[in-house]
Amino acid sequence: MTSAPLTDREISLIRTSLAVVAPRAAEMTVYFYTVLFARYPAVRTLFPDNMDVQRDRLLRGLLRIIDLVDDVDNLVRFCSRLGRDHRKFGALEAHYPAVGECLLASLTRYAGTAWNAEVGAAWTHAYTVAAQVMTAAAADDTRLRPATWEAEVVHHVHRGDGIAEITVRPDLPYPYVAGQYVSMETPWYPRTWRHYSPAHPPRADHTLTFHVRAVHRGQVSTALVHHATPGHRVRLGPPQGDMTLAAAGDRDLLLVAGGTGLAPMRALLEEAAASGMRRYADLFVGARTARELYGLDDMLRLAQRHHWLSVRGAVSHEDIPGQMGTLPQVLREFGPWNQHEAFLCGPPGMVTAAVHTLLQQGTPEAHIHYDPLDTPLFDAPLSPPRPVQETDAP
């Protein structure tokens, strides 16, 4: 960070003025983009046609920066993440002054009498610090890897219940670790990105297979499930996430999957099997009905080949032989899991309830892993992954 850190006085001025504009924040965000596109029309091509989600992203990003403005280490981590992620949108260093100018103009308008030269100088300093970190991170990332990977859909199979298994082949090798997730852009909705997890560890032929469910009003997911066919092209952003086996140390594993949340769990288990893992793993797969227990048969076959793996399916809205109840309820029945490393993926409500159950049963929070439940860019933990003791287990 080349600029000096903000002073306590500057931090106070920024937070006080932000509190003034907060009641009209959504209106201010609309105004910001109106001014930006009017003054710098070339910038419009960086954004999706539907701006509803993007407006929320700007506001959440701004609030996160202000929240971290007195926490230099985490501010740098967050702004570095923003800078690296913005490469896939085509953001250039020359765009940052334009954004800063229009942001200050918007704040000036909506802060009213709470705005003065000193407040403006504090905001200018804060934005300069954030922009410098973002551009430096983007420059460093440019030397390490592409901004995006072009890929071709090579296989597309419908699996029922609005789920498709989609395999893509990147033009260049795509490095990732089992358990990570990938942002994807489709030709139907340019500059709109959604996150999906590969359902396997890296392959020799560099293909990636995703399990995608078409969700209600989900533009990208619906396009991938119902419109994509072999030959269509997509773009992939860099891999993200720390939900990997490296986090588990030498502890036994608990894996909890709801719906297509099975994909990263499957990847982790296949990696564990390939590495000759000597720990035990319990996998719970949940759905509303038996028909929706997607991929359970594949996991049961994997368990037949590996004595260390136990697989259980549970349904919450159908009376059938086997486990009845939601995944959090079934976890409570088979727990406690306080000696395990837990990995969870699925609908946000399920993950949140399962985390609560595990914490109640004594599982340390540091041993519970799940991907961000909303927008990974804003919700992922900022602290580096905690170190694990060296072990000859994977």
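Helices and strands are taken here as DSSP runs, of at least four residues for a helix and at least two for a strand, and are numbered from the N terminus. On this basis, the loop between strand 3 (182-185) and strand 4 (193-196) is the place of Arg191. The model is a predicted one, and every value reported below was computed from it.

The chain comprises 12 helices and 12 strands. Its radius of gyration is 23 Å, close to the 21 Å given by the globule rule for 394 residues, and the chain is therefore as compact as a globular protein of that length. Taken along the principal axes, the box filled by the C-alpha atoms is roughly 70 × 50 × 40 Å. Of the 394 residues, 51% count as buried.

Two annotated regions were examined for their secondary structure. An unreviewed UniProt entry places the feature "domain: Globin" at residues 5-139; over these residues the chain is 74% helix and 0% strand, and the C-alpha atoms at the two ends are 21 Å apart. For residues 146-246, UniProt lists "domain: FAD-binding FR-type", again from an unreviewed entry. Over residues 146-246 the chain is 8% helix and 38% strand, with 25 Å between the end C-alpha atoms.

The search for enclosed space returned one cavity of 30 Å³ or more. The largest cavity holds about 590 Å³ of space, and 26 residues line it, of which Leu58, His86, Tyr96, Val99 and Met134 are the closest to its centre. Two or more lining residues are given by each of helix 2 (25-39), helix 3 (52-67), helix 4 (72-86), helix 5 (95-111) and helix 6 (117-144). The largest share of this lining, seven residues, comes from helix 3. When the lining residues of the largest cavity are sorted by class, 21 are nonpolar, four are polar and one is charged.

Several features of backbone geometry were also noted. The peptide bond that joins Gly335 to Pro336 is cis, its omega being near 5°, and Pro336 is found in the loop between helix 10 (327-334) and strand 11 (340-345). Arg191, a residue other than glycine, has a positive phi, near 65°. Because its relative accessibility is 23%, and the range for partly exposed residues lies between under 20% for buried and over 50% for exposed, Arg191 counts as partly exposed. A positive phi of about 65° is likewise found for Arg217, although Arg217 is not a glycine. Arg217 lies in the loop between strand 5 (208-213) and helix 7 (219-226), and its relative accessible area of 76% is over the 50% cut-off, so Arg217 is exposed.

A side-chain interaction was identified at His369, which is found in strand 12 (residues 368-370). The relative accessibility of His369 is 12%, under the 20% cut-off, and His369 therefore counts as buried. The side chain of His369 makes a polar contact with the side chain of Glu341, at 2.5 Å.

Methods: Residues are numbered from 1 along each chain as its sequence is written. This is a predicted model: local features need pLDDT of at least 70, side-chain atom pairs count only at pLDDT 80 or more; totals for chains, interfaces and linings use all residues. Side-chain values use heavy atoms; hydrogens and water are left out. On a 1 Å grid over the protein atoms alone, a cavity is a set of points where a 1.4 Å probe fits but cannot get out, and a pocket is an open set with protein on both sides within 12 Å along at least five of seven lines; lining residues have an atom within 4 Å of a point. Grid points are joined across faces, edges and corners, and a volume is the space filled by probe spheres set on the points. Ala, Val, Leu, Ile, Met, Phe, Trp, Tyr, Cys and Pro count as nonpolar, Asp, Glu, Lys and Arg as charged, and the others, Gly among them, as polar. UniProt positions are given in the numbering used here, feature names are shortened, and annotations may be inferred rather than shown by experiment. Buried means under 20% relative accessible area, exposed over 50%, partly exposed in between (1.4 Å probe, protein chains only). A polar contact is a pair of N or O atoms within 3.5 Å; within protein, one must be able to donate a hydrogen and the other to accept it, and residues adjacent in sequence count only if both atoms are side-chain atoms. The radius of gyration is taken over C-alpha atoms; the globule rule is 2.2 Å times the number of residues to the power 0.38.
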